[in-house]
Each structure stands twice: as C-alpha cells, then as structure tokens.
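Here are some worked exercises to try with the model open beside you. Have a go at each task before reading its solution.

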Amino acid sequence: MDRLAAFLRALTDAGTSADHIDAGDVPEVVGLDVGAVSVAAVAFDGSGGVRTRYQRHHGHPARVARALLEDLGAPPGVAIGLVGSDAHALTSQGVGVQVDAVRALIDVGRAWRPEVRHVMDIGGA
C-alpha cells in the first residue's frame, strides 16, 4: 500500500502528463494499458515520482510496451500491472500480471479519495 499511496500522492500533487521522477531514480512499479491501438505506461518510484508514456503500437503491442518500459528506465523484475484489450500480448510472454481494470480503478479510487462512493468507467472502445 505504500507504493500505491506514493503513486496517488504524486498524481494528486504533480499531475500525470509530465515526468516527475528525478534523473537516476528507478521505477518500482509500472502500469501498462495495452489497448487495441496504443500502449500507455505509468511508472512511479518509492518517493512519489511519476513518469508517463503513450505510443501507438501499429499492431505490435509487445514491442512498443517493451520500448516504453526501457524508456521509463524500468529494471528487470519491476512489478508490472497490465490492463487493456491486448494485455494478453504481454502476459502470454511472461511479462507482468493482468489485472481487472475496473477493480483496479475502484481500489485506486478508494485509496486516493476515500469519501468517493461511486466510480464511472467510460472505455475508449
């Protein structure tokens, strides 16, 4: 829960559209949304630093996801959570753990804003 708390604090304090991990800091946890068209990645370190990346994959989601992980500085063995319609493209290769996107959204919402009682998920497809 400490990693989640740091991540949520970083999202609240810094926003998610820019890099907020200091040079040299190593991501501890990475989340990948591997969709039908693109891959979105977010990495955070233990002190609340955040990096985000997004790239269209043109039919090669695993290749793009690996490139984004490298660009984020994710070390071998980093914890990776996967959501999205093409998440299986990575889990089938032994990369990361697929999680239910709605369950993850609910859990993060509860940790981030405990007073919120409802979460709405509007997918892109």
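A salt bridge here is a side-chain nitrogen of Lys or Arg within 4 Å of a carboxyl oxygen of Asp or Glu. This is a predicted model, so local features need pLDDT of at least 70 and side-chain atom pairs count only at pLDDT 80 or more, while totals for chains, interfaces and linings use all residues. Residues are numbered from 1 along each chain as its sequence is written, and side-chain values use heavy atoms, with hydrogens and water left out.

**Exercise 1. Find the salt bridge and say which elements it links.**

Step 1: The structure holds one salt bridge.

Step 2: R53 pairs with D71, and their closest N and O atoms are 2.5 Å apart.

Step 3: Now place the two ends. R53 sits in strand β3 and D71 in helix α2, 18 residues apart, so the pair links distant parts of the chain. (Helices are DSSP runs of H or I with at least four residues, strands are runs of E with at least two, and both are numbered from the N terminus.)

Step 4: D71 is partly exposed, with a relative accessible area of 45%. The cut-offs are under 20% for buried and over 50% for exposed, with partly exposed in between (1.4 Å probe, protein chains only).

**Exercise 2. Work out the strand order of the sheet and its edges.**

Step 1: Take stock of the elements. There are four helices and five strands, and along the sequence they follow α-β-β-β-α-β-α-β-α.

Step 2: Go through the pairings, where two strands pair if DSSP finds at least two bridges between them. β1 and β2 run antiparallel and are joined by six bridges; they form a hairpin with three residues between them. β1 and β4 are parallel, with five bridges. β4 (residues 79–83) and β5 are parallel too, joined by two bridges.

Step 3: Put the strands in order. The five strands give an open sheet, β3-β2-β1-β4-β5, with mixed pairing.

Step 4: Read off the edges. β3 (50–56) and β5 (97–98) each have a single partner strand, so one side of each is left without a neighbour in the sheet.

**Exercise 3. Trace a row of bridge partners across the sheet, starting from V42 in β2.**

Step 1: V42 in β2 stands opposite G31.

Step 2: On the β4 side, G31 has G81 as its bridge partner.

Step 3: G81 in turn stands opposite V97 in β5.

Step 4: Check the neighbouring positions. V30 faces I80 in β4, and L82 has Q98 as its bridge partner in β5.

**Exercise 4. Which strands does helix α2 lie across, and at what angle does α2 run to β3?**

Step 1: Helix α2 (residues 61–72) lies across β1 (29–34), β2 (38–44), β3 and β4.

Step 2: The angle between α2 and β3 is about 150 degrees. Axes are lines fitted to C-alpha atoms, for helices over the stretch in contact, and angles run from 0 to 180 degrees between N-to-C directions.

Step 3: Have a look at the loop between β3 and α2, where H58 is found. H58 has a positive phi of about 50 degrees although it is not a glycine. H58 counts as exposed, at 66% relative accessibility.

**Exercise 5. Is V34 buried or exposed, and which residues does V34 touch?**

Step 1: V34 is in strand β1.

Step 2: V34 counts as buried because its relative accessibility is 0%.

Step 3: List its contacts (heavy atoms within 4.5 Å). Leaving out residues up to four places away in sequence, V34 touches V39, P61, L82, V83, G84, S85, D86, A87 and L90.

Step 4: Try a C-alpha distance as well: V34 and H88 are 54 residues apart along the chain and separated by 8.6 Å.

Step 5: Zoom out to the whole protein. Of its 125 residues, 33% count as buried. Among contacts with a separation of 6 or more, 53% come from residues 24 or more positions apart.

**Exercise 6. Which residues form the nonpolar patch on the surface?**

Step 1: The patch consists of L105, V116 and V119, with about 210 Å² of accessible area together. Areas come from the Shrake-Rupley method with a 1.4 Å probe; for residues, only the protein chains shown count as cover.

Step 2: Check the patch rule: members have over 30% relative accessible area and no salt bridge, with like charges joined within 9 Å and nonpolar side chains (Val, Leu, Ile, Met, Phe, Trp, Tyr) within 5 Å.

Step 3: Locate L105, which is in helix α4 (residues 101–112) and is partly exposed at 33% relative accessible area.
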